[in-house]
Amino acid sequence: MCGIVGYVGPNSAYDYLIEGLFRLEYRGYDSAGVAIQNASGIDVRKKTGRVSQLAELVKEKPVQGNVGIGHTRWATHGEPSDTNSHPHVGGNGEVVLVHNGVIENYNQLRDQLRELGYVFHSATDTEVVAHLVAHALETELTLGANPESDQTYRTAVENALKRLKGTYGLAILFRDRPGLIIAARLGSPLVVGIGNKEHYLASDASPLVGYTEEVVYLSDHELAMLTADSLQLVHRDTGTQVPSIKFLEQSAQDMDLGEFEHYMLKEIFEQPTSIENALRGRLDDDEATAKFGGLNMDASRLRSIDRIVLTACGTSWHAAMVGEYLIEEFARIPVEVEYASELRYRNPPMSERTMVFAITQSGETADTLAAMRECKRKGHASLAICNVVGSSIAREADGGIYLHAGPEIGVASTKAFTSQVTVLTLLALFMGRLRHLSYPAGKRIINNLRDMPNKIQKTLECHARVKEVAEKYYRAQNFLYLGRQYNFPVALEGALKLKEISYIHAEGYPAAEMKHGPIALVDEDTPSVFVVPRCQIYPKVISNMEEVKARRGPVIAIACEGDDKVADIADDVIYVPDVDEYLQPLVTSVPLQLLAYHIAILRGCNVDRPRNLAKSVTVE
């Protein structure tokens, strides 16, 4: 959700902070701010609106210094306003901090702090943390702690953290200890970048690209003390830690828009490459199966699995639904798809032979992480399908599969969805070959998968046609998306994409369920998007299309090349390559992504940063 950056070193802190905040815009936010430490103290600048408005404010009121923190806020407690923006000041200015997450007991703490004389200016839970740290620091100094010792500030922060309930990613400056940043994490990601006599801080790796190639990912209950010359990590339970330094895999090219106007369009057109990356090194022709290096489970244990639970949120949940069809068809294992936000609070009967897969692009989705932890706590093998190396879910899972899709900047997920579906196809093949799936069937699947990057490249040729269709329908206020079997989750995903970035009401349904209620919505102003490639129940979907046409509803069809029958019924047809049924979600989802994109552009919407949304949902 929110974004954090920090810097301590010999260079201008503001230069790094403002560029980092621009890079974090994709996470979703409503205000931004910085705090810069210098010889006169700590200067705070914050502003509701875009990061560019903060930059204009700093031009009017410059700040200079070599130590600083910055923040983009996505409102949880208190409306978007300059006052509620971060950073927040604690005590009489001795503490300044930024915060991601939610403090669940902030009301109780605020009442206690008010009784002690602390004055609150905002409606945020974060200001409670600032005052609490200031109070803990005052207590330490009153007890005779050395005001020049870093240990004093560490102890104050640790004592304050003990009183917090909820989640946090924190970056803290101290007025009377120049050159020190303390960062702390519980449930909200933070990564430290290591430079030459300088250290960086960010809530994900994107601000660090081009500044450093060495990073340290903080774990829950871990605290980092950053100075220009040193990095000290301390864990609540085990004390001082040796930093585990990782190589930053992102590059500046990943952040570059290139020839594209928006990240979303760039990422749609990257799908031939991202699918190829998901397949690379994982196709075993000799054994007619897939191979993975990180499942961390031997074949005998995998054969003993008699049930799989796929848990995810949003677009990843739709990918999981495709995975359910795939695994049950190829491996004949019962599969359930669970919303992570529900699974974490349920107590479903799950035997020791149940395997759980958490599916996530960011690896930081709070509900998915909590659901996976709950399943691990109960002894179930809990694996992950994830895109971000070093993320919380990737590190805590028993094993898993990386997507290798590259950074996805656009809030509306596109290439991550098709990469997830690709990996789930590989997983279904792998589990199937461990059981009853024949060698020839495995070979056919491998050959078809190997050809998918070319099929997606050909699918992208529909771009101009999709734009024409968008120009015809972008004024509509309601859409229906309809599909069957493998293309039912595609219909759900298409409707979600349209809602996310164009703010048009859209619903996805199995096409056969239309006459059980949704057909009441059909009229001349409500387009129905049918995902109708050739399949076993193709005639049934054609019949559903006829029912909509009989009620004068406009029909947009996603169909296989050369399908004249669909063209005779639909008002507008967008053609995709003809592929086997289990691979159709990879090609049929692409025109729906493009349709949402072009409708949003025509409606004047910000496709990369849609209102009220964040790329990574790190709070419940």
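In what order do the 8 strands of the open antiparallel sheet run? The views below, drawn from a predicted model, start there.

**View 1. The antiparallel sheet of 8 strands is open.**
The order is β3-β2-β4-β1-β10-β9-β11-β15. Residues 41-48 make up β3 and residues 246-247 make up β15. Both stand at the edges with a single partner strand each, so one side of each has no neighbour in the sheet.

**View 2. Strands β2 and β3 pair in the antiparallel sense.**
Strand β2 covers residues 31-38. The pairing with β3 runs over 8 bridges. One point to pick out is Q37, whose bridge partner in β3 is I42.

**View 3. Helices α1 and α2 lie across strands of the antiparallel sheet.**
Helix α1 spans residues 13-23. It lies across β1 (3-8), β2, β4 (67-73) and β10 (199-202). Its direction is at about 160 degrees to β1. Helix α2 spans residues 51-60 and lies across β2, β3 and β4. The angle between α2 and β3 is about 135 degrees.

**View 4. A second open sheet has 5 strands in parallel pairing.**
Here the order is β19-β18-β20-β21-β22. The edge strands are β19 (335-339) and β22 (399-402), and each pairs on one side only. On average, neighbouring strands of this sheet are turned by 20 degrees against each other, direction ignored.

**View 5. Strands β20 and β21 pair in the parallel sense.**
Residues 354-360 form β20 and residues 381-386 form β21. They are joined over 6 bridges. M355 has A381 in β21 as its bridge partner.

**View 6. Helices α11 and α13 lie across strands of the parallel sheet.**
Helix α11 lies across β18 (307-312), β20 and β21. It runs at about 165 degrees to β20. Helix α13, residues 415-433, lies across β18, β20, β21 and β22. For α13 the angle to β20 is about 160 degrees.

**View 7. The second largest cavity has a volume of about 50 Å³.**
The count of cavities of 30 Å³ or more comes to 3. Which residues line the second largest cavity? They are L343, R346, P348, M350, A371, E374, C375, K378 and H380. By class, 5 are nonpolar, 1 is polar and 3 are charged. Helix α11 (residues 366-377) gives the most to this lining, with 3 residues. The same helix appears in View 6, lying across β18, β20 and β21.

Key
Residues are numbered from 1 along each chain as its sequence is written. This is a predicted model: local features need pLDDT of at least 70, side-chain atom pairs count only at pLDDT 80 or more; totals for chains, interfaces and linings use all residues. Side-chain values use heavy atoms; hydrogens and water are left out. Two strands pair if DSSP finds at least two bridges between them. Helices (H or I, at least four residues) and strands (E, at least two) are DSSP runs, numbered from the N terminus. Contact means heavy atoms within 4.5 Å. Axes are lines fitted to C-alpha atoms, for helices over the stretch in contact, and angles run from 0 to 180 degrees between N-to-C directions. On a 1 Å grid over the protein atoms alone, a cavity is a set of points where a 1.4 Å probe fits but cannot get out, and a pocket is an open set with protein on both sides within 12 Å along at least five of seven lines; lining residues have an atom within 4 Å of a point. Grid points are joined across faces, edges and corners, and a volume is the space filled by probe spheres set on the points. Ala, Val, Leu, Ile, Met, Phe, Trp, Tyr, Cys and Pro count as nonpolar, Asp, Glu, Lys and Arg as charged, and the others, Gly among them, as polar.
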